[in-house]
Amino acid sequence: MKIGAHYLGDGVCEFTVWAPNLNTVAVEIVSPDQRLLPMEQLGSYWQVIARDIEPGTLYLYQLNNSESRPDPASNFQPHGVHSPSQVIDHNFAWSDSNWSGVSLETMIMYELHVGTFTPEGTFEAIIPRLPDLRELGVNAIELMPVAQFPGHRNWGYDGVYPFAVQNSYGTPHQLKQLVDGCHQQGIAVILDVVYNHFGPEGNYTSRFGPYFTETYRTPWGTAINFDDAHSYEVRQFFIHNALYWLGEFHIDALRLDAIHAIYDLGAKHFLAELAENVAVFSQHQGRKFYLIAESDLNDPKIIRPHQSGGYGIDAQWSDDFHHSLYTLLTGDRIGYYQDFGKCEHLAKAYKDSFVYDWKYSNYRQRFHGNYPGDRPSYQFIVSIQNHDQIGNRILGERLSQIVNFEQLKLAAGVLLLSPYIPLLFMGEEYGEESPFMYFVSHSDPDLIKAVREGRKQEFFAFHSQGEPPDPESADIFNTCKLNWQKRKSGKHQVLFSFYQKLIQIRSQNRALLPRERHNLKINFQEEKQLISWFKFSGKNQIFCAMNFNNSDVTLSQEFTGGNWVKILDSAQKKWLGGGSNLPQKPKLCQQLTLTKQSFAVYEKY
């Protein structure tokens with residue numbers, strides 16, 4: 001069943017809602033006129049095909065002749081989460097008929113929050129910035145969730161209408177304009193979707209049916225019903241949602257939030273069923289659409305193909321990479337960072353994707369993860385900054401506020417030369433200094449109080465000192481907006497150019513292009529805080545040495561098999577470094593002295 005309000009043209013609209021336990025359901029037309037349209041029961045669904053319904057019509061569902069609520073599958077909530085839903089005509093003049101997408105293994109991802117990426121905070125305002133992202137080398141943007149949430153400012157993970165575009169960001173038509181504009185620039189669009197919980201305000205789904213189960217609990221409360229009684233229709237609700245974004249909005253990939261909180265002990269996990277449906281959709285469309293999981297499980301089963309007993313998801317995040325690098329740069333060992341902090345950890349993350357692949361975790365006080373060596377490197381997404389790792393700090397400081405400029409360049413090199421798919425967080429490429437803190441705009445005073453107390457408890461677990469900023473404050477939200485103009489001046493412009501150079505090397509160097517494991521040889525010297533690696537493909541070779549030490553370090557290195565040349569040196573003055581004595585063309589046996597917190601790259605030619 002196609003749930004929601006489907007405008008069929010000529011003033012005809014089909015309304016369908018799942019409500020298995022209700023005795024009567026009717027469509028209550030609110031505007032431009034007022035009338036009640038009784039619905040016919042079709043199994044566990046209710047449906048009516050109505051006339052004299054034009055796009056823009058506002059409606060509610062009247063349940064059991066009493067309360068009236070918005071449509072759980074609403075396509076738009078123009079006046080917020082508690083107000084009527086709106087009928088949308090999805091016809092759009094797309095200009096991307098020749099668009100064939102961006103392959104996963106070639107993606108340079110760029111995560112952005114619509115509300116803070118521009119002063120306007122809208123879909124429309126992003127479009128003029130797309131050429132700048134393309135100039136940087138980005139070919140995929142990842143939008144933090146845009147499903148309707150309460151109020152006007154939110155990270156997006158409090159969404160309560162999974163099919164509705166956030167009204168403060170723009171209309172469904174304007175989101176399509178953004179996607180179309182991205183495709184014209186050669187940029188794919190990844191949409192962050194939340195299938196593990198609903199937000200706490202404006203969530204009326206339980207009035208319609210058993211969307212939740214008491215069998216499990218998530219960090220956000222009662223779990224969504226993926227394997228209990230009546231779970232088939234709940235699963236279909238979210239599968240339909242995924243295909244809705246991919247089909248109606250031409251979204252290229254979905255990032256599935258916190259899939260470790262999707263509880264399903266059935267024989268076929270919801271994620272496997274979702275992947276099967278997206279695969280069929282891809283086949284019908286003639287191009288590949290991707291699913292990317294955020295997971296805390298370190299479990300390669302998620303990305304293994306169905307025939308190997310996996311879920312068939314295309315890629316997953318690897319937080320071990322971030323934690324390994326972050327702790328080396330900062331010395332932070334609080335909370336989950338206590339499991340990291342050595343060159344050994346980063347070297348293992350580089351080689352094996354997960355540091356904890358059924359190894360004992362002191363933080364978790366148990367063994368954690370599984371070995372993913374049978375999966376190619378391009379199935380893992382890594383970052384040095386993202387919304388969680390920045391926003392979960394008490395003051396929301398970015399890496400640019402925590403480490404020095406040399407370390408920023410070093411971190412960029414670790415990320416962009418890695419064998420994995422890199423994800424940048426908006427502003428990272430020029431060293432944005434504005435924070436990215438947690439913000440909401442709820443209307444329920446008790447909920448506001450609970451959110452404030454919850455943030456305090458979260459930071460207490462990290463032994464953070466001081467009072468966290470008020471997430472309800474509009475000033476906090478405005479402080480998080482990017483200072484986009486900085487990217488063209490001073491050290492910010494240099495860092496932007498440095499990122500450009502790294503992306504160019506990543507995209508063009510033939511030794512880096514195969515995203516495989518067997519062609520990477522990595523070494524580390526813990527006492528020197530030094531990591532070095534070779535990567536090769538046929539006759540093509542590349543070498544990189546990375547110094548995390550606060551002092552200069554020297555290593556002896558053999559450059560065999562041909563002539564070598566230095567192609568990048570972060571210590572050079574052109575990159576605002578202190579200067580470098582590394583040779584441009586090394587000898588067969590070469591002593592290399594790297595200045596503190598720098599790295600250098602050599603290529604065989």
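**Barrel, cores and aromatic pairs**

W533 is buried, with a relative accessible area of 1%. The model in which this value was computed is a predicted one. The aromatic pairs in the model number 48. In one of them, F340 and Y356, the ring centres are 5.5 Å apart and the planes stand at 80°, so the pair is classed as edge-to-face, the angle being over 60 degrees. F340 belongs to the loop between α7 and α8, and Y356 to the loop between α8 and β20, so the pair ties together parts separated by 16 residues in sequence. Both rings belong to buried residues: the relative accessibility is 6% for F340 and 9% for Y356. A further aromatic pair, Y350 with W533, is tilted, with 6.0 Å from centre to centre and 35° between the planes. Since Y350 is part of helix α8 and W533 part of strand β25 (residues 530–537), this pair ties together parts that are 183 residues apart in sequence. Y350 is buried, at a relative accessible area of 2%, as is W533, at 1%.

Eight strands form a closed barrel with parallel pairing, in the order β10-β11-β14-β17-β18-β19-β22-β23. From one strand to the next, the twist averages 25°. Within this barrel, β18 (residues 290–293) is joined to β19 in the parallel sense by two bridges. A293 has Q316, in β19, as its bridge partner. Strands of a sheet pair through backbone hydrogen bonds, in either a parallel or an antiparallel sense.

Just past β19 (315–317), S318 occupies the loop that leads to α7 (319–330). S318 is buried, its relative accessible area being 3%. With neighbours within four places in sequence left aside, the residues in contact with S318 are S353, F354, F380, I381 and V382. S353, one of these contacts, is placed in the loop between α8 (343–352) and β20 (359–361). The backbone of S353 has a phi near 75°, a positive value in a residue other than glycine. S353 counts as buried at 1% relative accessibility.

A second positive phi in a residue other than glycine is that of N64, near 50°. N64 is located in the loop between β7 (58–63) and β8 (68–69). In contrast to the buried S353, N64 is partly exposed, with a relative accessible area of 32%. The peptide bond from S31 to P32 is cis, with omega near 15°. P32 falls in the loop between β3 (25–31) and β4 (35–38). Most residues other than glycine have a negative phi, and most peptide bonds are trans.

The largest nonpolar core holds 157 residues. F15, Y110, W245 and L254 are the residues with the most contacts inside this core. The contacts of L254, not counting residues up to four places away in sequence, are I190, L191, V193, Y195, A242, W245, L246, Y290, L291 and I292. Another core, of 16 residues, lies apart from the largest one and includes L104, A188, A315 and I421. In soluble globular proteins, nonpolar side chains tend to be buried together.

No disulfides are found in a search of the whole structure. The cysteine sulfur closest to that of C343 belongs to C544 and is 13 Å away, too far for a bond, because a disulfide needs the two sulfur atoms within 2.5 Å. C343 is buried, with a relative accessible area of 0%. C13 is likewise buried, its relative accessible area also being 0%.

P468 is positioned in the loop between α11 (445–461) and α12 (474–479). The relative accessibility of P468 is 14%, so P468 counts as buried, the cut-off being under 20%. P468 and Y438 are separated by 30 residues in sequence, and their C-alpha atoms are 9.7 Å apart in space.

Notes: Residues numbered from 1 in each chain as written. Predicted model: local features only at pLDDT ≥ 70, side-chain atom pairs only at ≥ 80, totals over all residues. Heavy atoms only, no water. Helix = DSSP H or I, 4+ residues; strand = E, 2+ residues; numbered from the N terminus. Buried < 20%, exposed > 50% of the residue type's maximum accessible area, 1.4 Å probe, protein only. Contact = heavy atoms within 4.5 Å. Pairing = 2+ DSSP bridges. Axes fitted to C-alpha atoms, helices over the stretch in contact; angles between N-to-C directions. Core = buried A, V, L, I, M, F, W, Y, C linked by side-chain atoms within 4.5 Å. Phe/Tyr/Trp six-rings, centres within 6.5 Å; stacked < 30°, edge-to-face > 60°.
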